[in-house]
Amino acid sequence: MVISTSPQPPPHQGLLRYLRTEVGLSDNAMGLGLKQAQLEQAPLPIVLWRYGLISLEQLDQVLLWQDQNL
């Protein structure tokens, strides 16, 4: 479990759209990831990877997308 002492901002809508359309994340997986990211105050992509909802390769793609688009 990753617990941060500083609150994380909510995920950007563009990131959520990317995860659904390009990565193919289901609504259930997205819901779990969002809930855990909020509870743990951790970045959503890291939580998704840690729970096995995305692969390490997908995590790299998501982080690259974030660097280029946000």
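Start by selecting Gln-36, which you'll find in helix H2. This is a predicted model, so read everything on this tour as a description of that prediction.

**Stop 1: Gln-36**

Show Gln-36 as sticks and colour by accessibility. Buried or exposed? Gln-36 counts as buried, because its relative accessibility is 13% and the cut-off for buried is under 20%. Now look at where its side chain goes: a polar contact of 2.9 Å links it to the side chain of Tyr-51. Ignoring neighbours within four places in sequence, Gln-36 is in contact with Val-47 and Tyr-51.

**Stop 2: down the axis of H2**

Select the whole of H2. This helix has 14 residues, and its first and last C-alpha atoms are 20 Å apart, close to the 20 Å expected at 1.5 Å a residue. Colour the buried residues of H2: Ala-29, Met-30, Gly-33, Gln-36, Ala-37 and Glu-40. Turn the view to look along the axis, and you'll see these buried residues fall within an arc of 140°, so they line one face of the helix. The general rule behind such patterns is that an α-helix has 3.6 residues a turn, so residues three or four places apart point the same way.

What covers that buried side? H1 and H3 are among the elements that do. Flip to the face of H2 turned away from the buried side, and select the exposed residues there: Asp-27, Asn-28, Lys-35, Gln-38 and Leu-39.

**Stop 3: Lys-35**

Pick Lys-35 from that set; this residue also lies in helix H2. Lys-35 is exposed because its relative accessible area is 52%, and the cut-off for exposed is over 50%. For a distance to try in the viewer, pick the C-alpha atoms of Lys-35 and Pro-9: they are 26 residues apart along the chain and separated by 13 Å.

**Stop 4: Glu-40 and what follows**

Next, select Glu-40, also in H2. How accessible is Glu-40? Its relative accessibility is 1%, so Glu-40 counts as buried. Add Arg-50 to the selection: a polar contact of 2.8 Å joins the side chains of Glu-40 and Arg-50.

Step along to Gln-41, which follows H2 and sits in the loop between H2 and H3. Check its backbone: phi is near 55°, a positive value in a residue other than glycine. At 21% relative accessibility, Gln-41 counts as partly exposed.

**Stop 5: the nonpolar core**

Hide the polar side chains and bring up the largest nonpolar core, which has 17 residues. Which members touch the most others? Leu-19, Leu-25 and Leu-44 do. Helices H1 (13-23), H2 (27-40), H3 (44-50) and H4 (56-69) each supply at least two residues of this core. H1 gives the largest share, five residues. As a general background note, in soluble globular proteins nonpolar side chains tend to be buried together.

Centre on Leu-19 and show what surrounds it. Not counting residues up to four places away in sequence, Leu-19 touches Gly-24, Leu-25, Met-30, Leu-44, Leu-48 and Val-62.

**Stop 6: H4**

Follow Val-62 into H4, where the buried residues are Leu-59, Val-62 and Trp-65. Those three cover an arc of only 125° around the axis, which puts them on the same side of H4. H1 and H3 are among what covers them. The face of H4 turned away from this buried side carries the exposed residues Glu-57, Asp-67 and Gln-68. As for length, H4 has 14 residues and spans 20 Å from first C-alpha to last, close to the 20 Å expected at 1.5 Å a residue.

**Last stop: zoom out**

Switch to cartoon for the whole chain. There are four helices and zero strands, and the elements run α-α-α-α from the N terminus on. Along the principal axes, the C-alpha atoms fill a box of roughly 30 × 25 × 20 Å. The radius of gyration is 11 Å, which agrees with the value near 11 Å for a compact globule of 70 residues.

Two chain-wide figures to finish. Buried residues make up 31% of the 70 residues. Among contacts between residues at least 6 apart in sequence, 51% join residues at least 24 apart.

Terms used: Residues numbered from 1 in each chain as written. Predicted model: local features only at pLDDT ≥ 70, side-chain atom pairs only at ≥ 80, totals over all residues. Heavy atoms only, no water. Core = buried A, V, L, I, M, F, W, Y, C linked by side-chain atoms within 4.5 Å. Buried < 20%, exposed > 50% of the residue type's maximum accessible area, 1.4 Å probe, protein only. Contact = heavy atoms within 4.5 Å. Polar contact = N/O pair within 3.5 Å; in protein donor to acceptor, adjacent residues only side chain to side chain. Expected span 1.5 Å × (residues − 1). Arc of directions from axis to C-beta. Rg over C-alpha atoms; globule rule 2.2 N^0.38 Å.
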